[in-house]
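Work through the exercises below with the model open. Each task is followed by its solution in steps.

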Amino acid sequence: MWTTTFEYSASATPITLQVFGKGDAKRKQPVLIYFHGGLFNCGSIETAYDIANALSEHMVVVCVAYPLAPAMQFPDTIEVAYEALAWVSAHAKTIGGDTKRIFVAGEQAGGNLAAVVAMLFRDRGLTCRNQCSLQGQILINPMLDALQTSKSLAAVADSPCRRAWADYTQVASNALHPYVSPVNSCRLAGLVPAMIINSDTNPLRDEAETYATKLVLAGVPVQVQRLEDNALNLSNSQHPAFHTLCQLIMQFIGQAA
């Protein structure tokens, strides 16, 4: 693993990227841009180490230390996430990655950022789009609904998601924006294929599966997997379903490739 950074104007410090694995000139590997778990206002890049290490034998994994709310909020956070994609597209060859096989993934708030980066790529492209191809999005127990309307989330008496969304969105009207709440977007056609992975009784389960349904209706290829529950995040190597999670990700990337 090695560390690099890029600058973003709204951040007081450079944005840290940690790169796991390395392809070579003869055998370039897929690149997975990974946004760590947490709830926008908590979490750290260190929690991505287990999954990044496990996957790095099969691909280059670039973990993004996106700034947390309320120090950074929407829309700056999504711009940081998109800049990470731009960095990877510009440096893929240097890190041994294949510019035609780039994927985004994330857990919880990181899953939101992965979904939004896929939207931004569809809507904006990149200046080097003819050289860079985003192939898929992998969303793990993603936070997709700032309005928090799902039954599974409503069943939690004091969900930390409520405070997290308030810290992230700045003003209530931002909760309606499709780049904040992808599940409420009216325009989902044209997105890259998705794998959505959740767990049995996770409060975010319903919004994840609703998003999967809406993607299918919009003509986006989707795979949905529900794994067993545990107090740990799915990306933690001590979670009973961790190895299954890694296998699902590798299969999804292998199929897309």
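**Exercise 1.** Find the bridge partner of Gln-18 in β4, then describe the pairing of β2 and β4.

Solution.
- Gln-18 has Cys-63 as its bridge partner in β4.
- β2 covers residues 15–20 and pairs with β4 in the antiparallel sense, over 5 bridges.
- Strands here are DSSP runs of E, at least two residues, and helices are runs of H or I, at least four, numbered from the N terminus.
- Two strands pair if DSSP finds at least two bridges between them.

The model is predicted: local features need pLDDT of at least 70, side-chain atom pairs count only at pLDDT 80 or more, and totals for chains, interfaces and linings use all residues. Residues are numbered from 1 along each chain as its sequence is written, and side-chain values use heavy atoms, leaving out hydrogens and water.

**Exercise 2.** Place Ala-65 and list what it touches.

Solution.
- Ala-65 lies in strand β4, residues 60–65.
- Its relative accessibility is 24%, so Ala-65 counts as partly exposed (buried is under 20%, exposed over 50%, partly exposed in between; 1.4 Å probe, protein chains only).
- Leaving aside residues up to four places away in sequence, Ala-65 touches Ile-15, Thr-16 and Ile-45 (contact: heavy atoms within 4.5 Å).
- The C-alpha atoms of Ala-65 and Ser-44 are 6.8 Å apart, with their positions 21 residues apart along the chain.

**Exercise 3.** Write down the strand order of the sheet and identify its edges.

Solution.
- The open sheet has 8 strands, ordered β1-β2-β4-β3-β5-β6-β7-β8, with mixed pairing.
- β1 (2–6) and β8 (222–227) each have a single partner strand, so one side of each lacks a neighbour in the sheet.
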